[in-house]
Amino acid sequence: MGGSRQFWFETSIPLAPTTIAGAPLNMDAAKAEAVIEGVKTQISNLEAEIATLTGKDNKKARNTKSREVADLKNGADYIDAIRVMRGEEALQEHNKIGAAEEAARLAAEEEAKKAEEDAKAEEAAKEEAKKKEKEDKKPKKAMESAGISPAERAELDRLKADLIARKAELKAEGMSGGQQNKDPQVMEWVARMQVLKAKAGELEAPKEKKSEKKKGGGNPEEITKLTEEIETYRQKLVTDFGYTKNEIKKDEDMIEMQARLKALG
């Protein structure tokens, strides 16, 4: 039976000679896989042949073929091939791979794998850099570039709404715009709004004062002084209280100063 096994390995798997053939395999995963596939093919053929040997007359032939299958499964190279595929060392000396050669092979594989990973990482870094460059070129929202947090932005918006409501209450009580501005609650809210606006970079720079000389019988100095006061007050309504143009026009103090200016002109 040993002769049969030798004959099968030498004829059926020429790329993976057996122990008896005397040619070292130095079995790695690829060679082990070839040995296993070759043995499985041979076993499959034998089992197919056994299936055709039916009846009492073929019992001896079936037993013979079954022993051949068992011999194939117990073959030295087949067992070594299974061990190699499981990550274990081959038992037969001719199937063992030299330690130095195997270490060099593993090192080469690891180096190639690392080089591939480094190349992928470098490519990913380049893509990320391009993406960041595009993002940096996009215009930033005022809130994002101003350094104000979402919570502070919400607080600022709430203060504006509260301030408008408070001044409406004071106006209903008969207070003028100037009196409303001196209300303790209003002053506290305005101070906090100034801090938040400064942090957000939303405080408007005061406009340059322009001297307007109008033709008429009024005193030019008084006209200039009142014009500057009106512009200063307008800026205060915008920056401190968040007034709109329509709200400025309806402000009682503004109306009174505009009337005085008109009278002087």
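A salt bridge here is a side-chain nitrogen of Lys or Arg within 4 Å of a carboxyl oxygen of Asp or Glu. By that criterion, a search of the whole structure, which is a predicted model, finds 14 salt bridges. The chain has twelve helices and zero strands, and 26% of its 265 residues are buried.

**Overall fold**

- Read along the sequence, the pattern is α-α-α-α-α-α-α-α-α-α-α-α.
- Of the contacts between residues at least 6 apart in sequence, 64% join residues at least 24 apart.
- One pair distant in sequence is Ala161 and Phe241, which are 80 residues apart along the chain and have their C-alpha atoms separated by 10.0 Å.
- Ala161 belongs to helix H7 (residues 150-172) and counts as partly exposed, at 46% relative accessibility.

**Salt bridges**

- Asp118 pairs with Lys114 in a salt bridge whose closest N and O atoms are 3.1 Å apart.
- Asp118 and Lys114 both lie in helix H5 (residues 99-137), and because they are four residues apart there, about one helical turn separates them.
- Both partners are partly exposed: the relative accessible area is 39% for Asp118 and 45% for Lys114.
- Elsewhere, Arg83, Arg86 and Glu88 are joined into one network by salt bridges that share partners.
- Within that network, the closest N and O atoms of Glu88 and Arg83 are 3.3 Å apart.
- Glu88 has a relative accessible area of 35%, so the residue is classed as partly exposed.
- Glu93 and Lys96 also meet through their side chains in a salt bridge, at 3.0 Å from N to O.
- In this pair, Glu93 is exposed at 59% relative accessibility, whereas Lys96 is partly exposed at 24%.

**A buried acid without a partner**

- Side chains of opposite charge can pair when their charged atoms come close.
- Asp253, in helix H12 (residues 252-264), is buried yet has no salt bridge.
- The nearest side chain of opposite charge to Asp253 is that of Lys167, 7.7 Å away; a salt bridge requires a nitrogen-to-oxygen distance within 4 Å, so this pair does not qualify.
- Beyond its neighbours within four places in sequence, Asp253 is in contact with Ser176, Gly177, Gly178 and Tyr233.

**Helix H9**

- Helix H9 covers residues 184-200, and its 17 residues should span 24 Å at 1.5 Å a residue; the end C-alpha atoms are 24 Å apart, so the two values agree.
- The buried residues of H9 are Val186, Trp189, Val190, Met193, Leu196, Lys197 and Ala200.
- Viewed down the helix axis, these buried residues fall within an arc of 130°, so they line one face of H9.
- Pro184 and Glu188 are exposed on the other side of H9.
- At the start of H9, a side-chain oxygen of Asp183 comes to within 3.2 Å of the backbone nitrogen of Gln185.
- Gly201 follows H9 and has a positive phi, near 70°.

Note on methods
Residues numbered from 1 in each chain as written. Heavy atoms only, no water. Buried < 20%, exposed > 50% of the residue type's maximum accessible area, 1.4 Å probe, protein only. Helix = DSSP H or I, 4+ residues; strand = E, 2+ residues; numbered from the N terminus. Lys, Arg positive; Asp, Glu negative; His and termini not counted. Contact = heavy atoms within 4.5 Å. Expected span 1.5 Å × (residues − 1). Arc of directions from axis to C-beta. Polar contact = N/O pair within 3.5 Å; in protein donor to acceptor, adjacent residues only side chain to side chain.
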